[in-house]
Amino acid sequence: GNGLAAPFVYGLVLSLVILVVYFMPRADSDVAILVSPFAGRTAAVNAVARADGLVVDTGRWRFLILARPAINNDPNFPARLYGAGALVVFNPGIMTGCVKKG
């Protein structure tokens, strides 16, 4: 058969796991929330509110928002954000260029 498929798939899976772990929000930090591009900023703000969070900053795009849990070190905050309609919750360190300074 082809001997390259297994190492390639293994490498791909390993890379994805590393990315997910790297971008996963920590309980003690702000998170970036992505909602549907068609939903708009109000939907993002409402998702944060429903998840017992506080809006830290709004990004350049209306479907991207920075938030933190109302209670410090709340490990369930990302899960509640998903339940409130967030499509993706990630560590905002990768999008420092996406947020307006000011």
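Buried means under 20% relative accessible area, exposed means over 50%, and partly exposed is anything in between (1.4 Å probe, protein chains only). This is a predicted model, in which local features need pLDDT of at least 70 and side-chain atom pairs count only at pLDDT 80 or more, while totals for chains, interfaces and linings use all residues. Residues are numbered from 1 along each chain as its sequence is written, and side-chain values use heavy atoms, with hydrogens and water left out.

**View 1. The whole chain is built from 3 helices and 4 strands.**
Start at the N terminus and read along: the elements come in the order α-β-α-β-β-α-β. Helices (H or I, at least four residues) and strands (E, at least two) are DSSP runs, numbered from the N terminus. Of the 102 residues in the chain, 30% count as buried. The chain exposes about 6600 Å², and carbon and sulfur atoms supply 65% of that (Shrake-Rupley method, 1.4 Å probe; for residues, only the protein chains shown count as cover). Now look at who touches whom, where a contact means heavy atoms within 4.5 Å. Among contacts in the chain with a separation of 6 or more, 65% are between residues 24 or more positions apart.

**View 2. Four strands make an open, antiparallel sheet.**
In what order do the strands of the sheet sit? The order is S2-S3-S1-S4, and two strands count as paired if DSSP finds at least two bridges between them. Strand S2 (53-58) and strand S4 (88-90) are the edges, each pairing on one side only. Ignoring direction, neighbouring strands of this sheet are turned by 35° against each other on average. Zoom in on strand S1 (residues 31-34) and you'll find 3 bridges joining it to S4, the two running antiparallel. Here Ala 32 stands opposite Phe 90 in S4.

**View 3. Helix H2 (residues 41-50) lies across three strands.**
Those strands are S1, S2 and strand S3 (64-69). H2 runs at about 145° to S2; axes are lines fitted to C-alpha atoms, for helices over the stretch in contact, with angles from 0 to 180 degrees between N-to-C directions.

**View 4. The largest nonpolar core has 14 residues.**
A nonpolar core is a set of buried Ala, Val, Leu, Ile, Met, Phe, Trp, Tyr and Cys residues joined through side-chain atoms within 4.5 Å. Which residues have the most contacts inside this core? They are Val 31, Ile 33, Val 48, Phe 77 and Leu 81. S1, H2, S3 and helix H3 (77-83) each give two or more residues to this core, and H2 gives the largest share, 3 residues. Leaving out residues up to four places away in sequence, Val 48 touches Ile 33, Gly 53, Leu 54, Val 55, Ile 65, Ala 67 and Leu 81. In soluble globular proteins, nonpolar side chains tend to be buried together.

**View 5. Two loop residues, Asp 52 and Asn 73, have a positive phi.**
Asp 52 lies in the loop between H2 and S2, and its phi is near 60°. Asn 73 is in the loop between S3 and H3, with phi near 55°. Neither Asp 52 nor Asn 73 is a glycine. Most residues other than glycine have a negative phi.

**View 6. Asp 30 and Arg 68 form a salt bridge.**
A salt bridge is a side-chain nitrogen of Lys or Arg within 4 Å of a carboxyl oxygen of Asp or Glu, and by this rule the count comes to 3. In this pair, the closest N and O atoms are 2.8 Å apart. The pair links distant parts of the chain: Asp 30 is in the loop between helix H1 (5-23) and S1, Arg 68 is in strand S3, and they are 38 residues apart. Arg 68 counts as partly exposed because its relative accessibility is 36%.

**View 7. Asp 52, Asp 74 and Arg 80 are linked in a network of salt bridges.**
The side chains of Asp 52 and Arg 80 meet at 4.0 Å, N to O. Asp 52 lies in the loop between H2 and S2 and Arg 80 in helix H3, so this pair ties together parts that are 28 residues apart in sequence. Arg 80 also forms a salt bridge with Asp 74, with the closest N and O atoms 2.7 Å apart. Which members of the network are buried, and which are partly exposed? Asp 74 is buried, because its relative accessible area is 10%. Asp 52, at 46% relative accessibility, counts as partly exposed, and Arg 80, at 27%, counts as partly exposed too.
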